[in-house]
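Hi,

Here is the structure I promised to pass on. Have a look at it first, and then read on for what turned up.

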Amino acid sequence: METLGDGIFPEEVVIQIMARLPVKSLYRSKTVSKLWYMLSSDKFFIQLYNEVSRKSHMTLVEITDSSDSKSSLICVDNLRGVSEFSLDFLNDRVKVRASCNGLLCCSSITDKGVFYVCNPVTRKFRLLPKSRERPVTRFYPDGEATLVGLASDSTFQKFNVVLAGCHRTFGHRPDGRFICLVFDSELNKWRKFISFQDDHFTHMNKNQVVFVNNALHWLTVSSTYILVLDLSCDFWRKKPLPYDLVYGMGNRIYLLDFNGCLSVIQISEAWMNIWVLKDYWIDEWHMVDKVSLRCIRGMVPGIFPISQTSEYVFLATHKQVLVYHRRSQVWKEMYTVKHSSTLPLWFSAYAYRSTMFSCN
């Protein structure tokens with residue numbers, strides 16, 4: 001009888017090794033045997049693979065060449081270096097709007113209101129149905145949602161896409177309503193609810209949306225609280241930031257994921273302070289690291305944290321992606337853009353991890 005083992009390693013060891021392969025290598029290994037081919041579609045193995053990949057965050061950067069306006073995706077991995085992805089399988093010009101658990105939410109550049117959810121590694125995608133809301137009314141301003149969020153549950157292989165923002169009827173001013181549209185992948189349809197919000201967001205606030213505890217989280221421009229959308233009950237609420245967070249000139253605050261927990265990174269002229277929300281329900285924040293920025297002092301005004309684990313932090317500047325290794329306290333340059341990009345790297349950088357999530 002054919003087994004996964006090769007006579008040297010037990011089957012359980014082979015499975016654990018394969019669960020740590022890059023997705024591309026895993027798919028290439030399907031040609032080895034029938035059992036290896038079946039493994040890539042086994043529910044237990046997919047869940048194991050996604051659990052292992054949860055500990056390996058990367059940074060995904062969308063780069064647009066100023067000479068021909070074509071964009072490409074650069075994936076920066078602390079272990080495997082730099083690789084390039086293409087979204088040409090969508091057969092559309094798109095821009096990345098959100099990233100979560102190996103999936104990307106992309107919007108069409110040429111056809112407003114068209115959204116895709118895709119896995120750039122497996123090249124599987126799903127074209128979302130258009131919401132009935134759009135022909136009658138529109139988001140304000142510029143016909144685009146203020147917030148775009150992607151919530152993907154790798155355990156149950158389902159996802160939600162959230163579009164939220166101030167709303168207005170054509171020919172009228174915004175009336176203060178905050179419209180939220182939520183796409184459900186299981187039902188294949190949108191739902192809508194209305195609230196009254198008066199929050200504002202920077203570009204980085206919009207990019208750095210974190211999905212934990214079945215809720216999406218955004219940091220507001222005032223950096224005084226976290227805006228939370230609970231997807232289990234379609235309800236907006238506010239979550240406090242660390243009590244001893246230092247406010248004032250020169251202090252910038254960013255919201256990230258930290259091994260499945262909310263995390264806040266504060267950057268000042270000399271320090272990078274990292275807090276983690278250890279207990280989500282009683283809002284118990286702990287400072288877990290205080291990093292000196294002395295050796296990259298010249299970069300500090302233009303540096304932005306993108307993703308992190310307990311071992312390292314990825315940060316982006318105008319033309320570089322850096323990684324800080326927590327244990328060795330060493331900074332390393334991982335990627336430098338080689339051509340003239342139209343936008344700084346941090347403008348279109350997202351936390352990312354490679355998974356076998358199927359979005360079909």
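Let me start with a lysine. K130 is partly exposed, at 48% relative accessible area (buried means under 20%, exposed over 50%, and partly exposed in between, using a 1.4 Å probe and protein chains only). Its partner D111 also counts as partly exposed, with 35% relative accessibility. Between K130 and D111 there is a salt bridge, and the closest N and O atoms are 3.6 Å apart (the rule asks for a side-chain nitrogen of Lys or Arg within 4 Å of a carboxyl oxygen of Asp or Glu). This pair links distant parts of the chain, 19 residues apart: K130 sits in the loop between β7 (124–127) and β8 (137–139), while D111 sits in the loop between β5 (103–108) and β6 (115–119). Strands here are DSSP runs of E with at least two residues, numbered from the N terminus.

Before I go further, a word on what you are looking at. This is a predicted model, in which local features need pLDDT of at least 70 and side-chain atom pairs count only at pLDDT 80 or more, while totals for chains, interfaces and linings use all residues. Residues are numbered from 1 along each chain as its sequence is written, and side-chain values use heavy atoms, with hydrogens and water left out.

Back to the charges: the salt bridges come to 7 by that rule. Another one joins D230 and R237, at 3.9 Å from N to O. D230 is buried, with 13% relative accessible area, whereas R237 is partly exposed at 24%. Then there is D283 with K239, whose closest N and O atoms are 2.6 Å apart. D283 lies in the loop between β19 (271–279) and β20, and K239 in strand β16 (residues 235–240), so this salt bridge ties together parts that are 44 residues apart in sequence. K239 is buried at 5% relative accessible area, but D283 is partly exposed at 28%. Salt bridges with shared partners also join D184, R191 and D234 into one network.

Now the sheets. One is an open sheet of 4 strands in the order β17-β18-β19-β20, paired antiparallel (two strands pair if DSSP finds at least two bridges between them). Its edges are β17 (252–258) and β20 (284–292), each of which has a single partner strand, so one side of each is left without a neighbour in the sheet. Ignoring direction, neighbouring strands of this sheet are turned by 25° against each other on average. Within it, 7 bridges join β17 to β18 (residues 261–267), and D257 has L262 in β18 as its bridge partner.

Strand β20 also holds D289, which counts as buried at 18% relative accessibility. The D289 side chain makes a polar contact with the side chain of R326, at 3.0 Å. Which strands make up the other open sheet I looked at? It also has 4 strands, in the order β3-β2-β1-β25, with antiparallel pairing. Here β3 (81–85) and β25 (349–352) stand at the edges with a single partner strand each, so one side of each has no neighbour in the sheet. Strands β1 (residues 58–64) and β2 (residues 71–77) pair over 6 bridges, and E62 is partnered with L73 in β2.

Cheers

Note on methods
Axes fitted to C-alpha atoms, helices over the stretch in contact; angles between N-to-C directions. Polar contact = N/O pair within 3.5 Å; in protein donor to acceptor, adjacent residues only side chain to side chain.
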